[in-house]
Amino acid sequence: MTQGSESVRFGKRTADTVLHRFEQWARDTPGAHALIAGPESLTYGQLDERADRLAHRLLAAGLPPGGLVAIGTARQAELVVAVLAALKAGGTYVVVDAETPLTGQRQLTAADPFVLLTHLAHRAALDNGSGLKVIRLGAEAGGIAGQRGDQPADRPEAQAPALPSAPAAGHGAALLFTGAAEPRAVPVSHGLLLAAHDSWAEVARLTPADRHLITAGTDVTAFAAGWTGALCSGGALVLPRQSPWKPDDIRAAVEGEHVTVLHTDPATALDLLRGEEGPGTAYRSLRLLAVSGDRLYLDDQAALQVLLRPGARVLNVYGLAESAGTGAWFELPQLPRPLDDPEELSLLGTPFPGHRVEVRDGQIRLTPPGAGDAIPTGDLGLLREDGLLEFGGRLGDRITLPGGRSVHPYPIESAIRSHEGIGSVIVNGVDSARGPRRLVAYVAPPTGGSSARPAAPLPDIEELREHLSGKVPREETPRTVIRLRALPRNRAGREDRAALPLPVLPAAKAVARGGSTSGKYGSAPAGESLPASCVGCGGVGLGFVALILTNLLWPGSTDLTGVPQPWAFLFSVLYLFECAAFGVGVVFLFGGRARMRSRGRGRRITAAAHVAVSYLLLAWWPQDNLYRLAAKQDWPRQAALVYSFNIPLMIAGAVVAAYLVAKPADPFDFDEDDD
């Protein structure tokens, strides 16, 4: 970059935006670390230069003022370059999920961008069939980013239009996705993005010496808007060398890169501090732990505070996409006195500077800086006498029981969590095969870092009912308890109710004529049927064993050396599915017949269908591995494989079809063949 072009560029940007703040640091401290990601680490000067060149490429591609630029890549260093380039080109950016292609496709459809910036490895996976214009990072854009400022004038990039002036505060800067089960795209202006950064910088007391690490997925607001916390305050953003973050990678990065500000979700925060030797021993460089994405109970917040070094802060951050990740914050010193039952309370504290928070009709409403009407958050809350905001659950989690009665699960969950053996809990409504919807409690033990909770076994349903007696109305007491190692969570770190396993409830009995139940044709005892969860867990375990054995039994059958992307990735996924199908087939072979017998069909057809289904699942693993090792012109071997696998597969399919169309046996018709 020449000095002349630098002065012109900075001279144009007179309005105060997050881009202006970043460019100011790039001008004042060009050699300071901006992105720390191993070989992909960049200084402020390098990051600014690469973003400039990609911005010129966007303008050369015809990006209109305010045009939406979608960014989908697992390489976070290049993602940050692309975000800055979109802003420099006068556009609006949106980050889509490249690691979960189906989600990324839906996001692209909802956003309808002008262009997609991605890598070749993600391009096919993110293709939503809309004919979207694509610029490949690492090829078209990467080549531009690697050129120097003294490039020849006849280069297309040198002839690109000059970078536009700074936009007005009300113009769009980003499109952020909410963390709900059905995410919405929320437009965020330049003014709001800067105001959110300023309020966060004030609360977090950010300095240029800080090194920031954000564990959320790149399409989550915590990262998609939170990058400003580092790059607009002169700090450094620590990125994973391989995405997504894994717990061990986070630990290594926090310790090895001397991270001072860590932004993560409650479960990850507690997991990261697992096994620490005692108070004040965890991550000596860490001065601020910001926890967001889901409810953080007061006892867990206190446990985190104790494990960090003296003087370190633990913030419970309540933020929305509509406010660019800010809203309210709480830390323990805000409490005027210790509170009883901390395991049942989640405090959101006080609003961020410039924000307003109110509770109207029991629902939390948030007004970001410069906004008009208050935004209903969809969350319930309570303004306490001490002036602190207390979380009260989510409207969307409400459960409708028989008779139309509505139940909010959060008070029930909080009461259940006061059991010493429970660290996290979700109460859900599940339709029962035997009757109306029932309440089911999914419980998990405390995470290792939560040293404030004594070790105790998870309760069974009788113990849970006894614990809830007098705390929860009888009709709101769960009728079933499912004990899990951990509750499922989404990319934002929020407990994922949609991913909970269905409980194994007894099937409805087959009632014979006259109202009696036949012992022979009635529903199988619970111990004889095969729960779907057992099929899944056992199948995955055996599939993993099959994956390990593959290269031992058939060396070279899964060798993808020389196969280009994305085809190598697609083939590797195929191999995983083959092994998983084999594992499920083994489980079904030994445990699936009892469940099939409960359908009431004849014994012979059931036995044949059981073997056929098992073969359909089992055969793919050995078949494809043997096919891949067989030479195309090896006719004897090809014929042997066809007759050994393909013909039985056809027969198995016909048997399954016959089983499906067969009528259930009549319990009053005695058949000698079925005896």
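This section describes the nonpolar cores, a strand and its partners, a helix and a loop residue in a predicted model.

The largest nonpolar core holds 61 residues. Within this core, Leu47 and Tyr93 touch the most other members. Helix α4, spanning residues 76–88, gives the most to this core, contributing 10 residues. A second core is separate and comprises 25 residues. Its members include Leu262, Ala269, Leu289 and Leu307.

Strand β17 covers residues 363–367. Of its 5 residues, 5 are buried, so the strand is largely enclosed by the rest of the structure. In a regular strand, side chains alternate between the two faces of the sheet. In β17, Gln363, Arg365 and Thr367 point one way. Ile364 and Leu366 point the other way. Residues of both sets are buried, Arg365 among them.

β17 pairs with strand β16 and with strand β18. The pairing with β16 (residues 356–360) is antiparallel and runs over 5 bridges. Here Val359 has Ile364 of β17 as its bridge partner. The two strands form a hairpin, with 2 residues between them. In the turn, Asp361 has a positive phi of about 55 degrees. The pairing of β17 with β18 (residues 375–383) is also antiparallel, over 3 bridges. In this case Gln363 has Leu380 of β18 as its bridge partner. Ile364 and Gln363, the β17 residues named in these two bridges, point opposite ways from the strand.

Helix α15 comprises residues 461–468. Its buried residues are Ile461, Leu464, His467 and Leu468. Viewed down the helix axis, these buried residues fall within an arc of 120 degrees, so they line one face of α15. Glu462 and Glu466 lie on the other side of the helix and are exposed. Just after α15, Gly470 adopts a positive phi of about 85 degrees.

Thr260 lies in a loop. The loop runs between helix α11 (247–256) and strand β11 (261–264). With a relative accessibility of 14%, Thr260 counts as buried, because the cut-off for burial is under 20%. The side chain of Thr260 makes a polar contact of 2.8 Å with the side chain of Asp210. Leaving aside residues up to four places away in sequence, Thr260 touches Asp210 and Arg211. On the same basis, Thr260 also touches Ser285, Leu286, Arg287 and Leu288. Asp210 is thus a residue that Thr260 touches and a polar partner of its side chain.

Definitions and conventions. Residues numbered from 1 in each chain as written. Predicted model: local features only at pLDDT ≥ 70, side-chain atom pairs only at ≥ 80, totals over all residues. Heavy atoms only, no water. Helix = DSSP H or I, 4+ residues; strand = E, 2+ residues; numbered from the N terminus. Buried < 20%, exposed > 50% of the residue type's maximum accessible area, 1.4 Å probe, protein only. Polar contact = N/O pair within 3.5 Å; in protein donor to acceptor, adjacent residues only side chain to side chain. Contact = heavy atoms within 4.5 Å. Pairing = 2+ DSSP bridges. Arc of directions from axis to C-beta. Core = buried A, V, L, I, M, F, W, Y, C linked by side-chain atoms within 4.5 Å.
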